[in-house]
Amino acid sequence: MAGETVITVVGNLVDDPELRFTPSGAPVAKFRIASTPRTFDRQTNEWKDGDSLFLSCQVWRQAAENVAESLTRGTRVIAQGRLKQRSYEDREGVKRTVYELDVEEVGPALSRATAKVTKVSAQRSSSAPAAGAQAADPWASGQPQPPF
């Protein structure tokens, strides 16, 4: 959608992802990412931490289940999605504004870790091929596929 703010955040999970289901059965995982900028101070010859950003995130459907199964507190992640702003009034009547990330893609950062990827079988969706139709999946077998 035009005008949306898409951002990429790198940081650590503050808590284990929390998986829930909507009344219609759609899975949604909620988690928070802490991202702290670091700069090198040449005068003191040491790294300095800046102010941490804590960003509430949510991811839907199959990705939500994958996140809940794969990621845990402390995991360094890379998350990309749409930044949303929401305003509300707290119990004391003070107006508050929060920023949240509707995650489209998320995974572990591999700069200081390794990961073993397990492909999940595709769920039927409106963009999936119709029943009986077979989509070419170059990742489904170990055989190289010709270029398109």
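This report walks through the fold, the core, the charged pairs and two unusual backbone angles of one chain.

The structure is a predicted model, in which local features need pLDDT of at least 70 and side-chain atom pairs count only at pLDDT 80 or more, while totals for chains, interfaces and linings use all residues. Residues are numbered from 1 along each chain as its sequence is written, and side-chain values use heavy atoms, with hydrogens and water left out.

**The overall fold**

Let's start with the big picture. The chain contains one helix and eight strands; here helices (H or I, at least four residues) and strands (E, at least two) are DSSP runs, numbered from the N terminus. Following the sequence, you meet them in the pattern β-β-β-β-β-β-α-β-β. Of the 148 residues, 19% count as buried, where buried means under 20% relative accessible area, exposed over 50%, and partly exposed in between (1.4 Å probe, protein chains only). Contacts (heavy atoms within 4.5 Å) also link distant parts of the sequence: among those with a separation of 6 or more, 56% are between residues 24 or more positions apart.

**The core**

In soluble globular proteins, nonpolar side chains tend to be buried together. A nonpolar core is a set of buried Ala, Val, Leu, Ile, Met, Phe, Trp, Tyr and Cys residues joined through side-chain atoms within 4.5 Å. The largest one here has 15 residues, and Phe 31, Ile 33, Val 59, Leu 101 and Val 103 have the most contacts inside it. Strands S1, S3, S6, S7 and S8, together with helix H1, each give two or more residues to this core. Take Leu 101: leaving aside neighbours within four places in sequence, its contacts include Ile 7, Val 9, Leu 55, Ala 79 and Leu 83.

**Charged residues**

Side chains of opposite charge can pair when their charged atoms come close. A salt bridge is a side-chain nitrogen of Lys or Arg within 4 Å of a carboxyl oxygen of Asp or Glu, and the whole structure has nine of them. Here are some examples.

| Pair | Closest N and O atoms |
|---|---|
| Arg 20 and Glu 18 | 2.5 Å |
| Arg 82 and Glu 104 | 2.5 Å |
| Asp 90 and Arg 96 | 3.1 Å |

Arg 82 lies in strand S7 and Glu 104 in strand S8, so this pair ties together parts that are 22 residues apart in sequence. In the Asp 90 and Arg 96 pair, Asp 90 is buried at 16% relative accessibility, whereas Arg 96 is partly exposed at 40%. Salt bridges that share partners also join Glu 4, Arg 82, Lys 84 and Glu 104 into one network.

Which side chain of opposite charge is nearest to Asp 102? That is Arg 82, 4.0 Å away, yet the buried Asp 102 has no salt bridge. Its side chain does make a polar contact of 2.9 Å with the side chain of Gln 58. A polar contact is a pair of N or O atoms within 3.5 Å; within protein, one must be able to donate a hydrogen and the other to accept it, and residues adjacent in sequence count only if both atoms are side-chain atoms.

**Two positive phi angles**

Most residues other than glycine have a negative phi. Asn 45 has a positive phi near 60 degrees, and Arg 61 has one of about 55 degrees. Asn 45 sits in the loop between strands S4 and S5 and is exposed at 58% relative accessibility. Arg 61 belongs to helix H1 (residues 61–70) and is exposed too, at 57%.

Key
Lys, Arg positive; Asp, Glu negative; His and termini not counted.
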